[in-house]
Amino acid sequence: MKDLTRILSRFVCDSRFDALPPAVQHEGARAFVNWMGCAAGGSREDDVQLMRDHLAEFNGAADTTVVGQRVKLDALNASFINSMSSGSLAFNDTHFNTVAHPTAPVVAVVLALAERRPDFQPLSGKELLHALILGVEVQCRVGNMLCVPPAESHVGLSMKGLAGVIGGAVAAGKALGLDEHGMATAIGHAANQASGLREAQSTMASHFTYGHSARCGLTAALLAARGFECSDSMLEGPKGFAVSFSTRPNLEAALDKLGEAYEMSSIAYKPYPSGFVVHQIIDACLEIARAPAFDAARLAHIARVEITANPLAEKLTNRVAPLDRGQALVSYQHWAAVSLIHRAAGIAQVTDPVVNDPQVAALRRKVTCDSDASLGREAARARVVFADGSYLEASVAHCRGSVRRPLTDDDVSEKALAQLRTVYPTRAAEDIRAHCWHIGECDTVAPLCQRLVAEATVN
């Protein structure tokens, strides 16, 4: 398709916030609140601290906010850490079509620019939300181009790395006020840096991909702003992004109902800190665990736990013996076991003591998964079979947090507050959450950035 990169660039540049549907504007605020909670909740993880210490050695101007920290980094490094933090607990948002986590790099780059736009003009809350929405929009559409049939992207490629960098570049480009040519150039530079392999999943390197996408996306937009040129057909060109990362790329999917239907409306927010392809398994196991017929005495008599789910669950989360928290976050066996034993599925269920609990480990070994391609990614069936042959079962058509069963505003609010409270005093956490919900009414984002630094409990 000729001029795909240009068409998307023109759409972004011509977009006006007040012309967006109110529901899309509100979804932008929900995404921002959810991102802020996730960035705070992940800001003290070991891998984030290791990366912060590494980057500090090479840091430039220390003028940009790092969520949950009193120290500041330069804009590129701060965007890296903030994006990485938001994904480090696998609690961030998800775009079901592409298995991407779109706001991680998008919000990180816009927040970085809130304090250092080249023209020194303050970034308003509306501008932040607008850039967020458009970065998500283009990122998901580019991802659809790689994944929507007849297109097929190899399972080893990480969409958060391939499409995330483009979302970051678009969001940064919008915040910088790039024109159509500049936006196309930024997209081109981003496409040229796209990378990420799922073999890294469950390791620190997987979280690196979030940070890399944000930093490269911001770099792409800043280079374009300086006039550093690139091809304006990097997405659709005969040796470009689409054909490099997909078999039979579906270029039409990138433009389908452009400006009429918004991908922001198909973003899901996670109720559990795990890969989203496990959520339906968690729901089914929790339903069984909380049934009157299931009690603690029956745990010792479980013979096996039979899961039936979309093939993606087995492909991405088959880890019967996770070695640590990172691996447990993306292990369907672990989440099935702890859901049945603890009757809960939260951050407390992926601590190292729980991962290494002999009872949990023993039950993980009894969990199996049959793949059924007829089941949607939001659906699963679970059957707990006992030693006497009796069983309990549950089916989930649409898991909690999915587009058809979304978290409410109150759910998103409570989730964000719980994570904010891990690094901010309770009153400050409540104020930050309220500020995020009303960000669209703020003349400048700077006071929020200042609050994020000043109220952090430790460096």
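For the lining counts on this tour, Ala, Val, Leu, Ile, Met, Phe, Trp, Tyr, Cys and Pro are nonpolar, Asp, Glu, Lys and Arg are charged, and everything else, Gly among them, is polar. Keep in mind that the model on your screen is predicted.

**Stop 1: the second largest pocket**

Select Glu 45, Met 204, Asp 324, Arg 325 and Gly 326, the residues that lie nearest the centre of the second largest pocket. You are looking into about 340 Å³ of space, with 15 residues in the lining. By class, that lining splits into 3 nonpolar, 6 polar and 6 charged residues. To see where the walls come from, colour α3 (46-56), α10 (204-225) and α15 (325-328), as each of them supplies at least two lining residues.

**Stop 2: along α3 to α4**

Leave α3 coloured and add helix α4 (residues 75-87); the two pack at an angle of about 175°, with axes 10 Å apart. With the cut-off for roughly antiparallel set at over 145 degrees, α3 and α4 therefore count as roughly antiparallel to each other. Show side chains for the contact: Asp 47, Val 48, Met 51, Arg 52 and Leu 55 on the α3 side, facing Asn 77, Phe 80, Ile 81, Met 84 and Ser 85 of α4. In this contact, 6 residues are nonpolar, 2 polar and 2 charged.

**Stop 3: the largest cavity**

Now go back to α10. Which element gives the most to the lining of the largest cavity? It is α10, with 4 residues. Also on the list of elements that give two or more are α7 (159-162) and α14. Centre the view on His 101, Lys 160, Gln 201, Ser 206 and Val 330, which lie nearest the middle of this cavity. About 360 Å³ of space is in there, lined by 26 residues. The lining is made up of 11 nonpolar, 12 polar and 3 charged residues.

**Stop 4: the largest pocket**

Follow α14 (311-317) onward, and add α6 (125-147): these are the elements that give two or more residues to the lining of the largest pocket. α14 gives the most, with 3 residues. The pocket has a volume of about 760 Å³ and a lining of 29 residues. Pick Phe 96, Asn 97, Val 99, Cys 147 and Arg 377 to find its centre, as they lie nearest to it. By class, the count is 14 nonpolar, 9 polar and 6 charged.

**Stop 5: the second largest cavity**

Keep Phe 96 selected, since Phe 96 also turns up in the lining of the second largest cavity. The structure holds 2 cavities of 30 Å³ or more, and this one has about 40 Å³ of space. Add Thr 94, Ala 268, Tyr 269, Lys 270, Phe 276, His 279, Arg 400, Gly 401 and Ser 402 to complete the lining. The residues divide into 4 nonpolar, 4 polar and 2 charged.

**Last stop: α20 and α21**

Finally, select residues 426-437 (helix α20) and 446-454 (helix α21), which pack at an angle of about 155° with their axes 11 Å apart. That angle makes α20 roughly antiparallel to α21, and α20 passes α21 in a left-handed crossing. For the contact, show Ala 428, Asp 431, Ile 432, His 435 and Cys 436 of α20, plus Pro 447, Leu 448, Arg 451 and Leu 452 of α21. The tally here is 6 nonpolar, 1 polar and 2 charged residues.

Conventions
Residues are numbered from 1 along each chain as its sequence is written. This is a predicted model: local features need pLDDT of at least 70, side-chain atom pairs count only at pLDDT 80 or more; totals for chains, interfaces and linings use all residues. Side-chain values use heavy atoms; hydrogens and water are left out. Axes are lines fitted to C-alpha atoms, for helices over the stretch in contact, and angles run from 0 to 180 degrees between N-to-C directions. Angles under 35 degrees count as roughly parallel, over 145 as roughly antiparallel, 65 to 115 as roughly perpendicular and the rest as oblique. A crossing is left-handed if the near helix is turned anticlockwise from the far one by less than a right angle, and right-handed if clockwise. Contact means heavy atoms within 4.5 Å. On a 1 Å grid over the protein atoms alone, a cavity is a set of points where a 1.4 Å probe fits but cannot get out, and a pocket is an open set with protein on both sides within 12 Å along at least five of seven lines; lining residues have an atom within 4 Å of a point. Grid points are joined across faces, edges and corners, and a volume is the space filled by probe spheres set on the points.
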